[in-house]
Amino acid sequence: MAAMYFLESIYLSIYYLFIKPDPYISVGCYVDSTVDRAMPSFISNYNGVTNSEAVRLCYVDTVLRGWNVFGVQNGSSCWSGSKAGQTYNKHGRTSSCSAGTLANSVYVINGISKFLAQDNDFPAF
């Protein structure tokens with residue numbers, strides 16, 4: 001049993017030091033509509049934080065729901081859904097995700113980071 005934990009610790013050390021990918025990947029800016037949402041589930045509004053912090057918070061909330069794609073609108077509103085990966089682009093791409101536009105900065109969650117974020121069996125090291 002101790003050997004297994006030792007090997008997992010080595011693996012995780014190598015992973016976090018040399019391989020660790022970004023937990024999410026930006027895929028661009030996409031138009032949204034108040035009548036027909038590209039991502040139908042409103043998760044939260046992170047007022048008072050920076051845009052990068054809103055993206056991180058939205059990532060965590062999306063992972064906790066078991067979903068793979070999320071969008072941040074106006075730098076603070078988090079949107080997603082169980083089928084967001086199939087619907088985020090239904091209104092097309094746009095060049096502007098600046099504040100005040102009805103568009104989502106869309107991110108896809110990297111598979112390995114989703115796995116690690118949900119796994120609590122690894123020992124602390």
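Trainee: Over which ring does the charged end of Arg37 sit?
Mentor: This is a predicted model. Arg37 is partly exposed, at a relative accessible area of 22%. Its charged end lies 4.1 Å from the centre of a ring, and that ring belongs to Trp79.

Trainee: Which side chain meets Arg37 in a salt bridge?
Mentor: The N to O distance is 2.7 Å. The partner counts as buried because its relative accessibility is 4%, under the 20% limit. The partner of Arg37 is Asp32.

Trainee: Is Trp79 buried or exposed?
Mentor: Buried means under 20% relative accessible area. Trp79 has 10% relative accessibility, so Trp79 counts as buried.

Trainee: What is the geometry of the ring pair Phe42 and Trp79?
Mentor: A pair of aromatic rings is described by the distance of the centres and the angle of the planes. For Tyr24 and Phe70, the centres are 5.7 Å apart and the planes stand at 80°, so that pair is edge-to-face. For Phe42 and Trp79, the centres are 5.2 Å apart and the planes stand at 65°. Planes over 60 degrees apart fall in one class, so Phe42 and Trp79 are edge-to-face.

Trainee: How many residues apart are Phe42 and Trp79?
Mentor: Phe42 is in strand β2. Trp79 is in strand β4, residues 77–80. The pair links distant parts of the chain, and the separation is 37 residues.

Trainee: Which parts does the pair of Tyr24 and Phe70 tie together?
Mentor: Tyr24 counts as buried at 17% relative accessibility, and Phe70 counts as buried at 0%. The two residues are 46 apart in sequence. Tyr24 lies in one strand and Phe70 in another, so the pair ties together β1 and β3.

Trainee: Which residues form one aromatic cluster?
Mentor: The count of aromatic pairs comes to 6. Tyr24 and Phe70 are one of these pairs, with ring centres 5.7 Å apart. The cluster is Tyr24, Tyr59, Phe70 and Tyr107.

Trainee: Which strand pairs with β3 over 5 bridges?
Mentor: Strand β3 covers residues 69–73, and the pairing is antiparallel. Val69 stands opposite Val108. Val108 is in the partner strand, β5.

Trainee: How many bridges join β1 to β5?
Mentor: The two strands run antiparallel. Cys29 has Ser105, in β5, as its bridge partner. The count of bridges joining β1 to β5 is 7.

Trainee: How many of the residues of β5 are buried?
Mentor: Across the protein chain of 125 residues, 35% count as buried. Strand β5 is mostly covered. Its buried count is 6 of 7.

Trainee: Which residue meets Asp36 in a salt bridge?
Mentor: Asp36 is in the loop between β1 and β2, and its partner, 54 residues apart, is in the loop between α3 and β5. Asp36 is partly exposed at 36% relative accessibility, and the partner is partly exposed at 41%. The N to O distance is 2.8 Å, and the partner is Lys90.

Trainee: Which helix holds both Arg56 and Glu53?
Mentor: Their side chains meet in a salt bridge, at 2.6 Å from N to O. The two are 3 residues apart, about one turn of the helix. Arg56 is partly exposed at 41%, and Glu53 is partly exposed at 27%. Their helix is α2, residues 51–65.

Methods:
Residues are numbered from 1 along each chain as its sequence is written. This is a predicted model: local features need pLDDT of at least 70, side-chain atom pairs count only at pLDDT 80 or more; totals for chains, interfaces and linings use all residues. Side-chain values use heavy atoms; hydrogens and water are left out. A salt bridge is a side-chain nitrogen of Lys or Arg within 4 Å of a carboxyl oxygen of Asp or Glu. Buried means under 20% relative accessible area, exposed over 50%, partly exposed in between (1.4 Å probe, protein chains only). Helices (H or I, at least four residues) and strands (E, at least two) are DSSP runs, numbered from the N terminus. Two strands pair if DSSP finds at least two bridges between them. Rings of Phe, Tyr and Trp (its six-membered ring) pair if their centres lie within 6.5 Å; planes under 30 degrees apart count as stacked, over 60 as edge-to-face and the rest as tilted. A charge sits over a ring if NZ of Lys or CZ of Arg is within 6 Å of the ring centre and within 35 degrees of the ring normal.
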